[in-house]
Amino acid sequence: MNFPGNLGRFGLRFVARLGASFLFLVQALAGAVKSLPRFHLIIHQLYSVGVLTMLIILVSGLFVGMVLGLQGYYQLVNFSAESSLGMVVALFLVRELGPVLAALLFAGRAGSALTAEIGLMKATEQLAAMEMMAVDPMTRVIGPRFIAGFIALPILAAMLSGVGVLGGYLVGHGQFGVDAGVYWSSMQNGVDLVDDVLNGVIKSVVFGFVVTWVALFEGYDAVPTSEGVSRATTRTVVTSSLAILGGDYVLTALMFGGL
Amino acid sequence: MSEVNMFENPIAQAKSVHFSFDQRSIFNGLDLQIPRGKVTAIMGPSGCGKSTFLGLLGGRLATLAGTIWFDGDAVPQRKSDALYVMRKKMGMLFQNSALLTDLTVFENVAFPLREQTDLPDVLIRILVLLKLEMVGLRGARDLMPAALSGGMSRRVALARAIVLDPKMVMYDEPFVGLDPISMGVIVGLIRKLNDALGLTSVVVTHDVAEGCSIADYVYLLDSGKVIGHGTPEEMLASTQPEIHQFMNGLPDGPVGYHYPANDYLTDLRS
């Protein structure tokens with residue numbers, strides 16, 4: 001009924017949360033720098049957010065690559081251009097699908113887990129207990145997770161792209177008989193290290209930063225109740241996904257000359 | 001020891017402290033002193049701000065006005081190195097124990113030592129086992145927190161709270177949800193550790209019988225202020241209506257049982 005009022009309240013809440021998230025980012029980055037010498041904490045988190053996400057990334061990458069192989073072949077064969085299958089599959093994966101899909105899966109698997117973990121630590125007063133033991137949660141809890149998320153996603157994206165290219169090869173060569181040498185050489189010739197691979201890596205680094213930031217902030221900012229943690233976990237997946245897809249457009253436009 | 005002597009050199013004090021939460025006033029001029037080396041019970045009805053006081057004393061919450069003092073210094077109002085230095089002299093037992101769920105009992109107790117000191121593992125092991133023995137859980141060192149009962153969790157948290165040998169330990173509702181045996185153990189431990197280690201203990205509780213059985217001094221809070229204080233005997237013998245009602249658990253008296261509401265009959269008929 002009171003549309004302008006509600007819109008104003010929503011706007012104020014949005015700006016306040018945005019400000020809080022930036023303040024959190026500054027503290028988290030400071031915590032990350034301080035936690036750098038504590039290598040074992042970072043390794044532990046790399047296992048939690050990286051290694052445990054590998055399975056879903058590898059399986060998804062394989063199937064995505066196989067689908068790309070199928071669809072690519074069906075289209076290319078119309079123009080007798082099936083020899084370009086390797087290049088098409090690799091470009092799709094390295095430029096777009098690798099970073100984007102890996103980031104979406106990472107947000108769903110590792111991001112939600114990070115939010116739930118931090119939110120529950122808050123709800124069960126573990127973070128407050130650390131504070132009272134003169135241990136800064138930003139250094140002990142948030143920092144190592146931030147670094148781990150930042151490192152893990154680019155590696156996972158590279159894995160997804162690599163397995164995807166292999167999936168495309170399995171379909172192209174195994175099912176349709178595209179020559180193995182042609183598949184790999186077209187990929188080698190068509191994929192540029194800087195324009196394609198490096199841009200893809202930059203995207204996954206940016207997505208890793210954003211997803212980990214969102215996940216950790218939502219957990220840290222969660223209302224410390226069951227419902228609050230549940231809502232925060234949902235917000236992590238929704239916000240991260242939107243940020244990834246929106247960010248991908250902006251980055252693609254910047255990198256490939258649209259803007 | 002007379003009351004005057006007890007407060008000669010208090011370890012902590014609140015002076016005209018004001019605090020609000022979500023525009024609801026919790027304290028409006030709180031004044032109290034925590035005597036050094038004693039067990040002080042902070043009592044009062046639920047929602048009167050007992051736990052909030054511990055938050056202010058530990059620097060987790062900032063006052064709106066007034067000052068909290070601890071060991072001669074004002075408690076910093078913002079996260080800072082000075083606050084962390086101060087917290088190394090404090091221990092805290094949270095209501096739900098707040099053990100780190102991904103660490104074993106041993107590692108939970110070792111946590112402050114690993115974070116705050118450069119002691120070698122051999123020494124950390126000895127210190128942790130000493131503290132675990134004090135709370136009777138040396139044999140449970142390899143268990144995870146999920147495998148502990150409520151009483152055991154609280155004892156582990158107690159061992160963790162005293163592992164750095166703090167000057168003061170704060171207990172937030174340490175008797176809630178415990179069976180009679182566990183409660184008896186915790187009550188005994190608070191008194192025993194306080195005397196054996198020369199600590200100061202601040203026990204926030206609404207459990208009158210248990211609180212009075214171990215406290216040297218009692219503060220009763222309500223409506224954002226101290227409404228009564230004295231030794232447990234003085235408090236139990238008090239005829240002041242608010243104190244008498246709370247200390248004897250009476251439903252009728254100046255402390256309202258009902259949350260403010262419209263007239264009952266009008267409400268039912270509407």
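Visitor: How do you know that helix α8 of chain A agrees with the span expected at 1.5 Å a residue?

Guide: In this predicted model, α8 of chain A covers residues 226-255, which is 30 residues, so it should span 44 Å. Its end C-alpha atoms sit 42 Å apart, and that agrees.

Visitor: What makes A:Val229 or A:Ile244 count as buried?

Guide: The cut-off is 20 or more other C-beta atoms within 10 Å of the residue's own. A:Val229 and A:Ile244 are buried, and so are A:Ala232, A:Thr233, A:Thr236, A:Val237, A:Thr239 and A:Ser240 in α8(A). As for the spacing, an α-helix has 3.6 residues a turn, so residues three or four places apart point the same way.

Visitor: What covers those buried residues of α8(A)?

Guide: The cover includes α3 (85-123) and α7 (193-220) of chain A. Just past the end of α8(A), A:Gly257 has a positive phi of about 90 degrees.

Visitor: What makes up chain A in terms of helices and strands?

Guide: Eight helices and zero strands, so the order from the N terminus reads α-α-α-α-α-α-α-α. Of the 259 residues in chain A, 47% are buried. Among contacts in chain A with a separation of 6 or more, 86% join residues 24 or more positions apart.

Visitor: And where in chain B is confidence lowest, and where is it highest?

Guide: On the 0 to 100 pLDDT scale, helix α1 (residues 3-6) of chain B is lowest, with a mean of 68, while helix α4 (residues 105-116) of chain B is highest at 95. Chain B has a mean pLDDT of 89, with 97% of its residues at 70 or more. For the complex, the predictor gives an ipTM of 0.84 and a pTM of 0.86.

Notes: Residues numbered from 1 in each chain as written. Chains lettered and ligands numbered in written order. Predicted model: local features only at pLDDT ≥ 70, side-chain atom pairs only at ≥ 80, totals over all residues. Helix = DSSP H or I, 4+ residues; strand = E, 2+ residues; numbered from the N terminus. Buried ≥ 20, exposed ≤ 12 C-beta atoms within 10 Å, placed from the backbone. Contact = placed C-beta atoms within 7 Å. Expected span 1.5 Å × (residues − 1). pLDDT = per-residue confidence, 0-100.
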